[in-house]
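Let's take a friendly look at how aromatic side chains are arranged here, and at the charges that sit over some of them. The sequence and structure follow.

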Amino acid sequence: MLKTQNLTFFYPKENSPALAGVDISLPAGGFITLCGVSGCGKSTLLKTLKPCITPHGRLSGEIFFEGEPLSVLSPRKAAEYIGYVSQNPEAQTVTDKVWHEAAFGLESIGLKGGEIRRRVAECAEYFGISAIFERDTATLSGGEKQLLALASAAALHPKLLLLDEPTSQLDPIAAQNFIDAVRRLNRDLGIAVLAAEHRLEELLPISDSVIVMDKGKITAACKPRELAERLPAEHPIQRALPVSARIYSLSGISEKIPPLTVREGRSSPAVRRWLSENPPEKEKRTVTDRKPVLTIKELWVSYGRGLPDALKAASLTLCEGEIYALLGGNGSGKTTLLKAVMGMAKPLGGKIRLYAKNPAYLPQNPCAILGKDSALDELTSRNISETAAVEILSRFGISGELLPRNPLDLSGGERQRLALAVLMSGKPDLLLLDEPTKGMDAAAKRDFSEMLKSVGESTAVLLVTHDTEFAELCADKCGLLFNGEISGEGAPEDFFGENFFYTTPLRRLAKGIWEEK
């Protein structure tokens with residue numbers, strides 16, 4: 001169905017190619033997962049395959065769709081046959097109501113009213129968005145917008161779906177539901193899927209093949225079960241592999257079928273043996289006898305009549321030097337809590353006491369705090385010398401040819417790291433981070449967690465995240481926000497160890513094995 005030959009692309013004024021001789025072949029009904037570190041070219045590749053959003057620059061090579069050059073496909077057919085879901089659903093939401101957003105693409109290709117209503121109703125039920133059907137799109141959480149974007153694309157009955165980090169803004173349970181929906185579109189309806197993703201736990205088991213990119217080139221292309229063997233031991237993608245595959249590689253024991261899922265891992269003697277011999281470390285960074293920098297008591301927030309209260313008696317305390325990870329489902333009120341602390345959402349009741357003198361807030365969309373012409377300018381414009389700015393940016397993986405690049409031309413992960421560098425340059429005593437690892441590859445997330453832990457007593461951190469692995473890696477305390485209040489709280493090893501559903505893939509895999517030790 002889809003084939004590229006020697007596909008090469010240069011962004012304007014760039015000497016290094018974003019894509020360099022990319023050859024891929026996706027059969028009808030096939031499913032390929034595309035992975036690689038941030039900035040490797042995944043998003044650029046997907047955009048070149050969707051004619052109406054192909055970026056400006058020098059493009060060479062060939063793209064074939066159903067045996068014909070993609071360039072001969074009419075704009076209507078391209079919109080209808082090739083669906084696209086971006087890594088930033090807010091940039092893809094164009095109307096005021098959920099039902100109108102779902103119908104917008106169908107109206108654009110000229111379908112009649114009766115056909116539009118039938119397709120919209122069908123997709124609303126299929127994707128489980130009927131409960132938010134009458135909502136304003138502005139009131140949706142990032143995850144809800146992502147599901148709406150997928151439903152809107154599917155309503156066009158595409159032959160190919162291009163997904164750019166589709167689970168980056170979804171909580172673990174919603175992410176699995178999203179992937180299940182994509183799997184059904186692929187398996188039951190025969191829609192081909194090319195998905196770029198950093199989180200491979202859910203996608204690899206349902207993929208026919210996987211492609212690894214690095215600096216615009218394909219460095220590996222194989223079956224998902226072969227990927228661990230194809231990659232060098234220290235390759236950053238090794239950290240992104242499903243936990244069963246990672247542990248299987250560490251065990252050093254060969255079996256006929258390497259595991260990919262938790263179910264397969266729990267049935268693997270090699271994996272069970274390794275887990276039994278390597279129980280979790282009990283030692284964690286502790287925070288004791290420190291002054292609070294933020295206290296929230298019985299906080300209530302509502303967005304108006306007809307909408308449920310976003311927060312209902314939510315309470316938490318954050319102390320100096322503490323890292324608190326707040327988890328919860330999409331739309332549970334996590335972002336609202338951060339906005340209330342910053343005075344961006346007005347409480348109906350409760351108390352917020354902010355003792356920090358220099359708080360800093362990173363919203364879900366990092367572009368909200370970025371507005372200069374280059375990554376380097378973002379820091380030098382804040383009275384930071386160029387030498388110091390380069391040093392700060394390098395700590396966040398922004399260096400070399402990325403320094404003069406406009407923030408809007410960076411990848412999602414690079415833009416996120418740039419925004420973090422900007423905030424940290426101000427030496428805040430309180431960091432409020434809304435999905436800070438969105439768009440980051442596994443290696444970048446590990447580096448970022450080490451950086452957060454290294455700020456020590458100078459900075460307290462309250463981070464909202466769906467990434468359970470990241471939360472366990474860096475947090476001192478975790479809390480679960482449900483039904484407007486924090487219903488569970490504790491140290492990561494206890495919080496994730498006691499949870500059955502809302503936990504890390506490793507904890508699911510080791511359930512009943514570590515407890516026996």
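## Burial of phenylalanine 495 and its partner

In this predicted model, phenylalanine 495 has a relative accessibility of 6% and therefore counts as buried, since the cut-off for that label is under 20%. Phenylalanine 496 falls in the buried class as well, with a relative accessibility of 0%.

## Aromatic pairs

How many aromatic pairs are there? The count comes to 5. One of them is stacked: phenylalanine 448 and phenylalanine 470 have their ring centres 5.7 Å apart, with 0° between the planes. Phenylalanine 448 belongs to helix α15 (residues 442-454) and phenylalanine 470 to helix α16 (residues 468-474), so this pair ties together parts that are 22 residues apart in sequence. Phenylalanine 448 is buried, at 5% relative accessible area, and phenylalanine 470 is buried too, at 2%.

Phenylalanine 495 and phenylalanine 496 make up an aromatic pair as well. Their arrangement is edge-to-face, with 5.0 Å from centre to centre and 90° between the planes; an angle over 60 degrees is what earns that label.

## Arginines over rings

Which ring does arginine 58 lie over? It is the ring of phenylalanine 10: arginine 58 sits over its face, 4.4 Å from the ring centre.

A tyrosine takes part in such an arrangement too. Arginine 184 is placed over the face of tyrosine 126, at 4.3 Å from the ring centre.

Note on methods: Residues numbered from 1 in each chain as written. Predicted model: local features only at pLDDT ≥ 70, side-chain atom pairs only at ≥ 80, totals over all residues. Heavy atoms only, no water. Phe/Tyr/Trp six-rings, centres within 6.5 Å; stacked < 30°, edge-to-face > 60°. Helix = DSSP H or I, 4+ residues; strand = E, 2+ residues; numbered from the N terminus. Buried < 20%, exposed > 50% of the residue type's maximum accessible area, 1.4 Å probe, protein only. Lys NZ or Arg CZ within 6 Å of the ring centre and 35° of its normal.
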